[in-house]
Amino acid sequence: MAKFYLTTAIDYSNGEPHLGHALEKVGADCIARYRRLRGDAVHFLMGMDENAQKVALAAEHAGVPPAEWVRTLAERFDATWRRLLCSHDDWIRTTEPRHHRTTVALIERIRARNPGDVFIGEYEGLYCTGCEEFKQESQIVNGHCEEHPHLELVRTREQNYFFRLSRYRDEILGLIRSGALAVEPAIRRNEVVRVLEAGLQDISISRQRLAWGIPFPGDPEQTVYVWFDALINYLSATGFPDAGYERLWPADLHVVGKGITRFHCIIWPAMLLSAEVALPREVWAHGYVQWGGTKVSKSAGTAVSLDDAIARHGPDALRYFLLREVGFEADGNFTWDRFDERYTADLADGFGNLASRSLAMLARYRAGKVPAGGAGTSLDASGLAAVRRYAETMDRLDLRGGAEAVFGLVGEANLYVQQAAPWTLAKQGRETDLDDVLATLARCLYRLTVLASPFIPGKAQSLWQTLGGRGEIEPAQWASLEAPPVAGMATTKPEVLFPKPAPA
Ligand SMILES: [Zn+2]
């Protein structure tokens, strides 16, 4: 059993979870569920980034002690991801003692292994309180941070600890070019390579005298820079530096937004190289959910509510729509109209209709018991081809391609029902032919239920039980897709999987 350790970015505790966060979480969850289907020992980490100054500021504005503020938000985020059927195994918060301990241990290890990589320097620059970072010339537009045009940049000068990032440029460039550190999709890899080719400056990794955050080891006057400590969460969750942390580490996949590739593909690998800790294998940088042409985010002030989006057609439908229509590789649009169209066409009239008519015919003609027979029909050939296409796309994290393989097969199956016309076979008393058709449909439904489960885990599990499947779909049903063992299974009549909304 191969281990597969995957993570999502941790979210700032300064606002409510929104659709932009949701795309990342359901995409990573879809990958986690797919790896479990394939038999991997998955460890899936999500969590919260709680040490930023802007978190403390948000708490202050709300008149709440910061520790209480972050706890409330952590519960809210975790509950939201559970509602969206995310299956994370661990939930890390950077205010936890385990994270403080690993952060200190990693900095101490950098100092021990490569003295000189952490040094004292003076930093002066234009600081954005929104981003919590000094901005480079290229990030400043009309005198303002490009991400926060309404905030004034503050000229700041202070003594900090620095990290000798520049020293690792050549090595990281080599690792990314060779694929030893995979950065996907290619458009993001090319961006990161261009940043590396332009050269790296050493970075400040502490701030003076902040009341909130992790004290810098050996210097209580300084606090660890929030970006530096946030990255370490992926290692904290493994128990580093305790013996046995390598049972999880290195991470097999970091899923992050395209805006933070510099941190995950350059700074984080450099920190690990300096500490002589193994590097993650792959970073996947997804695009953004757009609403009316603008990125959905807290700072953009976009108004689409995640709760409304979940309530509209249920969590399975939202997951499916985000991964199929918005997409996990580049920016994509969210609109209510398109969501409703996809829901009706793909889920209600497509998958839902196929399931209900197949199970209804099994109930009517065979008292729910799946007959033997019919192996090797045209629909079986389509099913096997869909399984192969699905594996090939999902293996390279093309989630849209995986969804297309599933729903392409749904279309073929609905066509097969029309052409095979089981009701006619029943009327004509052609019992063997009818057995063949019903068995073929049951095998197809079995394959579809398993393949769709990473996208619509709640509905897939309920369909699985209706089909007479035992226990959970995960972890190990992949091998049975070749020849689904449906003969003799006792099916029941399903609830309506995807009810059509009442006309307005
Ligand atoms: Zn900013």
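**View A. The surface of the chain, with about 20400 Å² exposed.** Carbon and sulfur atoms supply 51% of that exposed area. Keep in mind that this is a predicted model. Under the surface, 58% of the 504 residues count as buried. As for charge, the chain carries 56 positive and 64 negative side chains, and the centres of these two sets sit 5 Å apart.

**View B. The whole fold, built with 17 helices and 19 strands.** The radius of gyration is 26 Å, close to the 23 Å that the globule rule gives for 504 residues, so the chain is as compact as a globular protein of that length. Measured out along the principal axes, the C-alpha atoms fill a box of roughly 90 × 50 × 40 Å. Among contacts with a separation of 6 or more, 77% come from residues 24 or more positions apart.

**View C. Strand 5 (residues 118-128) alongside strand 9 (residues 154-163).** These two run antiparallel, and ten bridges join them. For one pair to look at, take G125, whose bridge partner in strand 9 is T156.

**View D. The hairpin of strand 5 and strand 6.** Strand 6 covers residues 133-135 and pairs with strand 5 in the antiparallel sense, over three bridges. Here Y127 has F134 of strand 6 as its bridge partner. Four residues lie between the two strands, and in that turn E132 has a positive phi of about 65°. Seen together with the previous view, strand 5 has bridges to strand 9 and also to strand 6.

Terms used: Residues are numbered from 1 along each chain as its sequence is written. This is a predicted model: local features need pLDDT of at least 70, side-chain atom pairs count only at pLDDT 80 or more; totals for chains, interfaces and linings use all residues. Side-chain values use heavy atoms; hydrogens and water are left out. Two strands pair if DSSP finds at least two bridges between them. The radius of gyration is taken over C-alpha atoms; the globule rule is 2.2 Å times the number of residues to the power 0.38. Buried means under 20% relative accessible area, exposed over 50%, partly exposed in between (1.4 Å probe, protein chains only). Contact means heavy atoms within 4.5 Å. Accessible areas come from the Shrake-Rupley method with a 1.4 Å probe; for residues, only the protein chains shown count as cover. Lys and Arg count as positive and Asp and Glu as negative; His and the chain ends are not counted. The place of a charge is taken as NZ of Lys, CZ of Arg, CG of Asp or CD of Glu.
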